[in-house]
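Please open the structure in the viewer and keep the selection panel at hand. The tour below proceeds one selection at a time.

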Amino acid sequence: MLLYTAVALLSLLSTCTSKAVPFIPTTSGTLKGIAITSDTNAYLGIPFAVPPVGLLRFAAPIPLVTPFSPRNATKFSSTCIQLGATISSPTGESEDCLYLNVWASPSTSPSQKKPVFLFVHGGGFNSGGTSWPIYDLSKWAVAHPEIVFVSTNYRLNLFGYPNTPAITPPNTNAGLRDQRLAIEWVNKNIAAFGGDPNRVTIGGQSAGSASVAGHLYAHPADALVKGAILMSGQALLSSLARPVSLPGLPSGTNPFPAVASAAGCPLRGNNYSAQLLCMKQKSTAELTTAIAQQNITGFNIVVDNQRVWAPEEYKKRGLAGQFAKVPVLTGTTNEEGDLYAINRVTNTLNETLSLGVTLAAYRCPDSVQSNYFISAGVPTYRYRYLARFPTISPPPLRAYHVSDLLILFGTSQGRSPTAPPPTALEQEATAYMQKAYSAFIRDPASGLLALGWSRYTGTTGETLVDIFPNNNVQEPIKTENPTVFDSPLYDLKKWAVAHPEIVFVSINYRLNLFGYPDTPAITPPNTNAGLRDQRLAIEWVNKNIAAFGGDPNRVTVGGQSAGSASVSGYLYAHPNDALISGAILMSGQSLIPGTFTPGAAIPGLPTGTNPFPALASAVGCPLQGDNYSAQLLCVKLKSTTQLTTAIAQQNITGFGLVVDNQTVYTRTEYNKRGLAGNFAKVPVLTGTTNDEGDLFVLNRATNTINETLSLGITLAGFRCPDSVQS
């Protein structure tokens, strides 16, 4: 997934040190390392598994137990077989690639064990390796000798994620199982390097981050780690529906059958086991040639419900808090997608494509998972990386995918032999990033608080940490509310900049169950709390906007889709209201909530069935007789996690507005009030797009549209209500 033009082989600083490098006894053998400074030693190319070759190809890794073997651990091993990498691996490629590396500085107090950081590299599950210079942990290890650092290889592409019925758990997703075995190796051996096996933080970037997040789900009770660092990747990334065509990610088609046939192992009948045995007997070259002949760009993680789940299952498990509850440092770069949307020939950037990739693959999954973490009481620190250092992000590139890692590791020169050395400003930035991340590794729960970071609380406060806003390394962080960041489609910044003569305001309001619970125990003025939130926001503007230079007598309120229907409904609910002077209605009228008969299957809208009773029962609040008040109190006493878990378990897709004849009316009543002009008579700008329904009927797998269904939705849900109301 990572794009580079070249790479330089790691050059260890092995110059003379009078201190002897200690030999380290491990389950893999007694290791001879190499000094990279007078205080820091590296132990490179340590085997942790039996080489997965021959009949062990594609299988789960087997621990290597050779404690009495002397081993020369002074250079990186080969990387695993690559696919889609734009560089040659600096140490070569091999199926015999399950090796890890350790950087450690001798402790002045051997009894005081050090915290440990285990890093999992990225590369879209198809390329990458610990010997790539950008993944070299040497500089960080030298700067922070109080931590023991580890990096690991794992199998990739076909060799890590073959998808055939002949491979079932516990052998599925061998690459992820390699990572787990590396964690277990660290747990058993890191004390010999001065590390504390009870203070291991695991982290990764891109596919490595998605892997780490996936481990939290796969091992909710025995993660063997005490903290996690997630840089630009969540567990959901590994199972994104591939019909969403994201640059750099393989398509949804399983390439194993085509590769097998091309390699001379066609399926005969349903004898998948024979086909798999045939594939195991082929040489590496035969398999890589078959992959190339079939023009295969990548292999996906396999949904096996043991290491990887479908997106819907991740949602259920996330809402239920079914993951390892260890402190988390998580975040993304501000413009992840720039890496995929840059045209290197013309040096132009497709910002629309970049935003789409950023949202779909990175920012939105990070936002969702962060909310799962905090709902489960997990100490969470969430960031966005904003720096655009010129040597790393020459215009038009911005804070693209992997640009934060280059600063954190101090390895920007590893991108190519001609990459310029880091500037003084970039070196300062590296020092801060390493200081902050090291603080988390030393004390995952609270270490960052001393540096001015806040624990993430979602949209309830300014706890999203911006790193290097405006390239400012002297004041390296500031905090903000994540609402606009997580919903950039609703960001009014560009409009506000272009039209400073207007004061702009946007608001949140309660949604789904929390905004529109439907029970006889809730009566006006408490019905439709989400709509009442909007009214209160309008009142706040009326009272306070003058302090911002705004005129409370010249307020226009507008919305899009459900927001537009809300604004239109506001005109009916407050026909004599003097708090607004105009309305903008984009693709939504008040008629919409009452237009569809119960059970009408309109994509994107909930059905007519009231889901509250089922939800209440699912959380242990069944109705006793007609005591709706007691049931409501019971639901109020449940935690957010309990409620969201119940929603997922009941497969509830949405909550509708409640007809209370105060904020929402029936279709018949809207018609009467409309014909009578019983609504606020303020100037209105209203309309729809020409093909509203396309959004709901696009088949992303085949990239086709059911135009008949699209037209029906466009007319019924948008155009006709807009025409009637106009």
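The model shown is predicted. Begin by selecting strand S7, helix H1 (residues 138-143) and strand S8: together they form a right-handed β-α-β unit.

Next, restrict the selection to S8, residues 148-152. Is this strand buried or exposed? Five of its five residues are buried, so S8 is largely enclosed by the rest of the structure. In a regular strand, side chains alternate between the two faces of the sheet. Show the side chains of S8 and inspect each side in turn: Val148, Val150 and Thr152 are buried on one, and Phe149 and Ser151 are buried on the other.

Now add the strands that pair with S8. Strand S6 (residues 99-104) runs antiparallel to S8 and is joined to it by four bridges. Strand S7 (residues 114-120) pairs with S8 in the parallel sense, over five bridges. Centre the view on Thr152 of S8: Leu100 stands opposite this residue, and Val120 also stands opposite it.

Finally, move to the second largest pocket, which holds about 780 Å³ of space. Which elements give two or more residues to its lining? Select helix H10 (351-375), helix H13 (483-486) and helix H14 (493-498). H10 gives the most, with six residues. In total, 20 residues line the pocket, and Asn334, Pro488, Asp491, Lys493 and Lys494 are those nearest its centre. Colour the lining by class to see 10 charged, six nonpolar and four polar residues.

Terms used: Residues are numbered from 1 along each chain as its sequence is written. This is a predicted model: local features need pLDDT of at least 70, side-chain atom pairs count only at pLDDT 80 or more; totals for chains, interfaces and linings use all residues. Side-chain values use heavy atoms; hydrogens and water are left out. Buried means under 20% relative accessible area, exposed over 50%, partly exposed in between (1.4 Å probe, protein chains only). Two strands pair if DSSP finds at least two bridges between them. A crossover is right-handed if, with the strands pointing away from the viewer, the path from the first strand over the helix to the second runs clockwise. On a 1 Å grid over the protein atoms alone, a cavity is a set of points where a 1.4 Å probe fits but cannot get out, and a pocket is an open set with protein on both sides within 12 Å along at least five of seven lines; lining residues have an atom within 4 Å of a point. Grid points are joined across faces, edges and corners, and a volume is the space filled by probe spheres set on the points. Ala, Val, Leu, Ile, Met, Phe, Trp, Tyr, Cys and Pro count as nonpolar, Asp, Glu, Lys and Arg as charged, and the others, Gly among them, as polar.
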